[in-house]
Amino acid sequence: MVTWLPISRLEAVAGSTPTHRAARRKIPKPLLRVGRLLLVVVVGWLLLRLLRGVDWSEVGYALTHLSVWQIVVLLVAMLIRRSVLAAPLALLVAGLSYLRAMVNDVAAAAVAMIAPSPGDVVLRLAMLRSWGVDTTDAASGLTLSTLIYYVARLAAPLLGFAIFWAARGFYAPFAWSALLFGAGAAALLVGLLYAVRAERTAATIGRLLGRLLQRVRPASQGPASWEQRLVSFQSHSAERMRRRGWLAVLSQLLLVFVEAGVLVLCLAFVGVELDGPTLVVMVCSFMVVYPLTGLPLMGAGVLDATYAAFVSDHTAVEATDLVAGLLVWRVAVQLVPVIVGLLTVVWWRRTAGSASA
């Protein structure tokens with residue numbers, strides 16, 4: 001997560017050095033090609049498994065015959081989802097209202113969907129500064145909220161596996177996913193907890209960054225200035241985490257269940273009959289594949305095929321209903337937020353421009 005624009009420019013400069021290029025070449029190109037080929041084969045197999053036997057006319061009918069009350073319920077569910085997503089930002093940025101946190105979140109989500117990173121981060125910082133939020137507070141809150149979100153995202157398979165094991169029994173693919181992503185979540189959480197307590201480390205990193213910047217750009221600020229910046233950033237982060245960090249973590253764990261509930265709602269609206277065992281499989285399967293939402297376009301294709309494969313292995317739900325429900329879900333969580341987010345960006349630019357005038 002990029003926090004300060006000068007740091008991002010530093011990384012861009014560092015990325016052009018021979019040392020960085022040499023580090024990237026440590027992975028042999030043939031190995032990368034084999035890995036990509038295996039990924040394509042696995043995804044292709046999953047997609048063929050999903051699409052085999054799909055009645056596309058039934059899918060089209062399901063998508064175009066949602067009732068008005070179902071659309072209203074989905075819109076309410078989207079509002080709840082966005083409010084939970086924005087909770088860490090509202091909790092961790094001092095002086096930021098909940099409504100503005102939601103506006104900032106949905107606008108960044110729209111930009112991230114259509115523009116490369118870190119465009120969404122630049123927009124978020126610009127919006128927060130236009131609302132009078134201190135730059136250090138803004139950078140600290142954005143960094144912490146993003147890290148907490150990724151901790152929850154990586155921990156989701158562990159939750160899904162635990163619930164499935166307790167309700168249905170041991171399932172090896174879920175166990176491997178829980179082990180892999182759970183280890184990542186634990187490592188990220190440990191690093192986060194260490195970072196918000198390591199004032200001396202922040203000071204050391206600040207001095208090193210200052211010296212490196214002076215070598216690259218002699219006119220830039222010196223080690224003392226960068227040390228002060230990073231210590232201030234670390235102290236802000238530590239204070240906010242001590243006061244409201246646990247609430248932010250709980251909100252993102254709640255988000256995992258909200259996300260799964262939205263998908264189950266979409267599947268129910270296209271005709272999937274829900275009972276206790278089927279509901280457990282649907283929720284747990286989504287939790288297990290939830291880290292795939294971090295891929296471009298929220299893992300479109302990969303996530304859908306993997307989720308459908310898990311659900312088909314343990315239920316009698318037809319592939320046609322799964323495809324229809326997943327398409328409704330993608331419209332709800334991807335297309336609608338992009339439209340709302342772009343309108344929000346236009347509104348913010350006009351209001352910010354009129355305020356500055």
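This passage describes salt bridges, a nonpolar surface patch and one buried serine in a predicted model. Because the model is predicted, local features are reported at pLDDT of at least 70 and side-chain atom pairs at pLDDT 80 or more, while totals for chains, interfaces and linings use all residues. Residues are numbered from 1 along each chain as its sequence is written, and side-chain values use heavy atoms, with hydrogens and water left out.

With a salt bridge taken as a side-chain nitrogen of Lys or Arg within 4 Å of a carboxyl oxygen of Asp or Glu, the count comes to four. One of these joins the side chains of Glu259 and Arg81, with an N to O distance of 2.6 Å. This pair links distant parts of the chain, since Glu259 belongs to helix α11 (residues 223-269) and Arg81 to helix α5, 178 residues apart; helices are DSSP runs of H or I with at least four residues, and are numbered from the N terminus. Both Glu259 and Arg81 are buried, where buried denotes under 20% relative accessible area, exposed over 50%, and partly exposed the range in between (1.4 Å probe, protein chains only).

A second group is the network of salt bridges that links Arg82, Asp105 and Arg124. Within this network, Asp105 pairs with Arg82, their closest N and O atoms being 2.3 Å apart, and the pair connects helix α6 (residues 98-114), which holds Asp105, to helix α5, which holds Arg82, across 23 residues. Asp105 also forms a salt bridge with Arg124, with the closest N and O atoms 2.8 Å apart; here Arg124 lies in helix α7 (residues 119-130) and Asp105 in helix α6, 19 residues apart. The three residues of the network count as buried, with relative accessibility of 9% for Asp105, 12% for Arg82 and 11% for Arg124.

Helix α5 (residues 68-92) also contains Val76, which is partly exposed at a relative accessible area of 45%. Together with Val68, Val72 and Ile80, Val76 makes a nonpolar surface patch of about 360 Å². Such patches are made of residues with over 30% relative accessible area and no salt bridge, nonpolar side chains (Val, Leu, Ile, Met, Phe, Trp, Tyr) being joined within 5 Å and like charges within 9 Å; the areas come from the Shrake-Rupley method with a 1.4 Å probe.

Ser285, in helix α12 (residues 276-289), is buried, with a relative accessible area of 1%. When neighbours within four places in sequence are left aside, Ser285 is in contact (heavy atoms within 4.5 Å) with Phe174, Tyr307, Phe310 and Val311.

Note on methods: Helix = DSSP H or I, 4+ residues; strand = E, 2+ residues; numbered from the N terminus.
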